[in-house]
Amino acid sequence: MTARDRSGLSAVGWTAVSVAVCRARESARPDRWFNDPLAVHLVGNAEWSLPDVRPGLVAWVSVRTRFLDALTMQAIDDGVRQVVIVAAGLDARAFRLPLPPDATVFEVDRCDIVDVKDRLIDQAGLTPRSQRRTVVADILDPGWIARLAGCGWDPDRPTLWLAEGLLIYLDQAQRAELLTGMAAATDGGRLGATLSAETGPMRHPLWHPAATEEPEVWMSSAGWRARGQTMAEASAAFGRPLPDGAGGTTRWRLVSATVEVTDA
């Protein structure tokens, strides 16, 4: 790739590269939680300057990836065969998780990211373990779910929706609208998401503050029965307690949810 390729990514799109760098660092650990071949290829073959990433960001990306991997495999074990990754970025779950061949991973993102990702996949010679379909769409466009259906997604079958590293880039009204739409789109829906708990001024110009209500509360009004935990709680549960004083231990949240069932 050349510098021109970087300029073709939006500011939000470029954050996917930072996440991939974090995943490559986790993949290099002897006690790694996962091995991401797409991220490793990007880091080893990029022809532009990769972004610097802080240890705290690496820890956060690692634990959230591990959390959502576990959620994905649990859904697969329970018979779910549709996984929709919204704003998928450089996610490589279709290539690195042991998904059955009858499962389909739908990766939804904008054209700039899809083009870069497809190029990297071709360069790395990666083959998906399951069926994989890309959906070129902006999740802020009200018609994105219709485009998803046009790519083969079936609203009559259970779906796991993954929103990793996404919701912090949306304001609260946009978050609620997105999650409400996903909850209403299918029966038997499941959700895995990452959130920030910071309600004050944000340190990144693209981030938006969290809701003042707890996720379990506001997500219920969007149609989801949610359970959350902090970054520190999740990391400890996976056998890697965060060191004392590590940043973000309570700021970052991991959420699993199912569609609310209402009485007829």
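User: How many of the 7 residues of strand 5 are buried?
Analyst: This is a predicted model. In it, strand 5 covers residues 190-196. The strand is largely enclosed by the rest of the structure, because the buried residues number 6 of the 7.

User: Is Leu191 in strand 5 buried or exposed?
Analyst: Leu191 sits in strand 5. Buried means under 20% relative accessible area. Leu191 has 1% relative accessibility, so it counts as buried.

User: Which residues is Leu191 in contact with, leaving aside its neighbours within four places in sequence?
Analyst: Leu191 belongs to strand 5. Its contacts include Leu71, Leu160 and Trp161. Further along the chain they include Leu179, Met182, Met219, Trp224, Val255, Ser256 and Ala257.

User: How far apart in space are Leu191 and Val84, C-alpha to C-alpha?
Analyst: In sequence, 107 residues separate Leu191 and Val84. In space, C-alpha to C-alpha, the separation is 9.5 Å.

User: Which residue in strand 7 stands opposite Leu191?
Analyst: Strand 7 spans residues 252-259. Strand 5 and strand 7 pair in the antiparallel sense over 7 bridges. In strand 7, the residue opposite Leu191 is Ala257.

User: In what sense do strand 4 and strand 5 pair, and what is the handedness of the β-α-β unit they make with helix 8?
Analyst: Strand 4 and strand 5 share 4 bridges in the parallel sense. Leu160 stands opposite Arg190 in strand 5. With helix 8, the two strands make a β-α-β unit that is right-handed.

User: In what order do the 7 strands lie in the open sheet?
Analyst: The pairing in this open sheet is mixed. From one strand to the next, the twist averages 20 degrees. The order is 3-2-1-4-5-7-6.

User: Which strands stand at the edges of the sheet?
Analyst: An edge strand here has a single partner strand, so one side of it is left without a neighbour in the sheet. Two strands fit that description: strand 3 and strand 6.

User: How many bridges join strand 1 and strand 4?
Analyst: Strand 1 and strand 4 pair in the parallel sense. Val83 stands opposite Leu160 in strand 4. The bridges number 3.

User: Which strands does helix 4 touch as it packs on the sheet?
Analyst: The direction of helix 4 makes about 170 degrees with that of strand 5. Strand 5 is one of the strands touched. The full set is strand 1, strand 4, strand 5, strand 6 and strand 7.

User: What angle does the direction of helix 8 make with that of strand 6?
Analyst: Helix 8, residues 172-185, packs on the sheet. It touches strand 1, strand 4, strand 5, strand 6 and strand 7. Its direction relative to strand 6 is about 125 degrees.

User: Is Thr72 buried or exposed?
Analyst: Thr72 is part of helix 4. Beyond its neighbours within four places in sequence, Thr72 is in contact with Val83, Arg93, Leu97, Leu99, Leu160 and Leu162. Its relative accessibility is 2%, so Thr72 counts as buried.

User: Which residues point one way from strand 2, and which the other way?
Analyst: Strand 2 is largely enclosed by the rest of the structure, because 6 of its 6 residues are buried. In a regular strand the side chains alternate between the two faces of the sheet. One way point Thr104, Phe106 and Val108; the other way point Val105, Glu107 and Asp109.

User: Which residue in strand 3 stands opposite Phe106?
Analyst: Strand 2 and strand 3 pair in the parallel sense over 6 bridges. Strand 2, helix 6 and strand 3 also make a right-handed β-α-β unit. Opposite Phe106 stands Arg133.

User: Which residue in strand 2 is the bridge partner of Val86?
Analyst: Strand 1 and strand 2 pair in the parallel sense over 5 bridges. For Val86, the partner in strand 2 is Val108.

User: At what angle do helix 2 and helix 4 pack?
Analyst: Their axes lie 9 Å apart. The angle between helix 2 and helix 4 is about 80 degrees. That makes the two helices roughly perpendicular.

User: How do the residues of the contact of helix 2 with helix 3 divide?
Analyst: Val17, Ala20, Val21, Arg23, Ala24 and Ser27 in helix 2 meet Ala39, Val40, Leu42 and Val43 in helix 3. These contact residues divide into 8 nonpolar, 1 polar and 1 charged.

Terms used. Residues numbered from 1 in each chain as written. Predicted model: local features only at pLDDT ≥ 70, side-chain atom pairs only at ≥ 80, totals over all residues. Heavy atoms only, no water. Axes fitted to C-alpha atoms, helices over the stretch in contact; angles between N-to-C directions. Parallel < 35°, antiparallel > 145°, perpendicular 65-115°, else oblique. Buried < 20%, exposed > 50% of the residue type's maximum accessible area, 1.4 Å probe, protein only. Pairing = 2+ DSSP bridges. Right-handed = clockwise from strand over helix to strand, strands pointing away. Contact = heavy atoms within 4.5 Å. Nonpolar A, V, L, I, M, F, W, Y, C, P; charged D, E, K, R; others polar.
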